[in-house]
Amino acid sequence: MIEVLLVEDDIQVAKSIKDFLQRKFSVHLALTAEEALEVLQEKNFSVVLCDLKLPGMSGLELLQKMRTLGISTPFIIITAFGDIPTAVAATKLGASDFIRKGDITPEELIRKIESLVDESDWEFVFGSETMRNLLKVARQVAKTDSTVLILGESGVGKEMLAKYIHKASPRAGRPFIAVNMSAIPDTLLEAELFGYEKGAFTGAERRKPGKFELADGGTLLLDEIGDMPLHLQPKILRVIQEKKVERLGQYSQNPIKIDVRIICTTNRDIEKLVKEGKFREDLFYRISVIPIRIPPLRERRDDIIPLTKYFLKKLSTKYEVNISMSEKSYEKLLNYDWPGNVRELQNVVERAFILSWTGGKESIITPESIVFSSYEIQNINLNKTDGKEISEGKETINYEKKNISALSGFQTSLTDDLNIKNMEKVFILKALERTGGNKTRAAKLLGITVRTLRNKLKELKLEESEKSKEDEEE
Ligand SMILES: Nc1ncnc2c1ncn2[C@@H]1O[C@H](COP(=O)(O)OP(=O)(O)OP(=O)(O)O)[C@@H](O)[C@H]1O
Ligand SMILES: [Mg+2]
């Protein structure tokens, strides 16, 4: 049975939507985002159908909160005033779809929900032999209940692979629950994982099941396990070994039996953490029964084109346009090193899509619209300076060196939202790219003074490199 969580504050609208959805699905109504967040933590839904404008927390904020808490339920936004920027912002946050009130018939909405739940809107895309073999191993592992440790750089698809294993396992019909160790504050993590009884601590007004319990019969993803605080590690180890959890404040009267397959991921060098005493050796051995390392995208370049085509197709379908890519653009993608892996590729494709979309139904992405986060700058350094000589004066090379790391930050911020500042960044970067990093010419291109450009570079943190450099080296 498909279970829909409808979040809508207008009782009239809510009632009418609920009435027709109830013909096919079970529908739970929440009048505020806060209320929705509560129930989402207690129960698994097939899909959330959420109004954008709500009295307290907005629909977008709810979506953001859900994703930080690892609740990956498909999310459809309903709004009275839909427009492309909001749609883009919503999809960047992971919304599956966006509908305008009045734009869609009840039958269409029902069909949309059904198809969304069916395909769950994702596919593990690959073209390389490496990934083909890796997925073969994953399917093999999926048949068992063994704990799996997925390793790999940031953005390679660790969470995707965890889901893939779940879907390929006999547990596929049961919940898949992800908890991100680095996103939840240490103080809340224990209560999140184990749940609590009423009165367990100040503020525990009612009983709340933990993620272990919620994942019962299914799969629990302990995402970024390398960031799990040391004091929690022995407790986790005990749960994994004994297959029982105790809610906080329960005093071990009846530990709850659970049947959960555990998958862990980390992008950190966990063996090093063990050596440094930052990760318990016993837990490490327990979770690394089956380690799978996903290679970085640059080591499986045959995946680049299939992934690009897939991301383009998804965007084209969503916005009902037909945007393709020129051969030269593909070449540009193939020649890049992808430090941010598949996530970076996805961002670059989306950015190119937006920059090339002139408003019509068809368009072709040319290499100019492909803006990498760090590549242009690095490349200019290599090609133009050949390590020593520079053509555009000293300032150019300073700019290039300083910004390699600052630009990686840009990639993240573009994922988070699509505001004017980010578009400004895109244009400034494009101008600098075209002029080989020469600020005077870039400013001319942009129609602003060099002074303004400098100020903007500072303001947009494109010049403040010391801190981000440190971050990157960590
Ligand atoms: N093989 C793939 N096919 C389709 N999409 C993919 C694939 N691999 C990764 N992605 C997409 O790339 C993004 C990053 O993937 P994912 O979150 O699984 O990576 P990760 O390794 O967990 O990253 P991080 O270390 O940053 O948490 C997601 O949006 C995901 O949907
Ligand atoms: Mg991840």
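Strand E15 (residues 322-325) has side chains that alternate: Ile323 and Met325 point to one face and are buried, while Asn322 and Ser324 point to the other and are not. That is the usual pattern, since in a regular strand the side chains alternate between the two faces of the sheet. Here a residue is called buried if 20 or more other C-beta atoms lie within 10 Å of its own, exposed if 12 or fewer, and partly exposed in between, with C-beta atoms placed from the backbone. Strands (E, at least two residues) and helices (H or I, at least four) are DSSP runs, numbered from the N terminus. E15 runs parallel to strand E16 (residues 362-365), and four bridges join them; two strands pair if DSSP finds at least two bridges between them. One of these links puts isoleucine 323 opposite serine 363 in E16.

This is a predicted model, so local features need pLDDT of at least 70 and side-chain atom pairs count only at pLDDT 80 or more, while totals for chains, interfaces and linings use all residues. Residues are numbered from 1 along each chain as its sequence is written, with chains lettered from A and ligands numbered from 1 in the order in which they are written.

Overall, the protein comes to 21 helices and 16 strands, and 36% of its 474 residues count as buried. Of the contacts with a separation of 6 or more, 70% are between residues 24 or more positions apart, a contact being two C-beta atoms, placed from the backbone, within 7 Å.

Five strands make up an open, parallel sheet in the order E7-E10-E13-E6-E14. E7 (176-180) and E14 (290-293) are at the edges with a single partner strand each, so one side of each is left without a neighbour in the sheet. From one strand to the next the twist averages 20 degrees, taken between axes fitted to C-alpha atoms as angles from 0 to 180 degrees between N-to-C directions. E7 is joined to its parallel partner E10 (residues 219-223) by five bridges, and alanine 178 has leucine 221 of E10 as its bridge partner. In the loop between E10 and helix H10 (233-242) sits glutamate 224, with a positive phi near 55 degrees despite not being glycine. Glutamate 224 is buried, having 20 C-beta neighbours inside 10 Å.

Ahead of E7, alanine 168 lies in the loop between H7 and E7. Alanine 168 has 17 other C-beta atoms within 10 Å, so it is partly exposed. Outside its neighbours within four places in sequence, alanine 168 contacts Ala138, Arg139 and Ala142.

Around ligand 1 there are 17 residues, of which Val125, Gly157, Lys158, Glu159 and Val342 come nearest; a residue is near if its C-beta atom, placed from the backbone, lies within 6 Å. Helix H7 (158-167) and helix H15 (341-356) are the elements giving two or more residues to this shell. Domain 2 (129-295) and domain 3 (299-473) each supply at least three residues, the bounds coming from an automatic or database domain assignment.

Asparagine 341, in helix H15, also shows a positive phi near 55 degrees, and is buried, with 22 other C-beta atoms within 10 Å. Tryptophan 338, in the loop between helix H14 (327-334) and H15, is buried too, with 24 such atoms within 10 Å. Beyond four places in sequence, tryptophan 338 touches Leu297, Arg298, Glu344 and Leu345.
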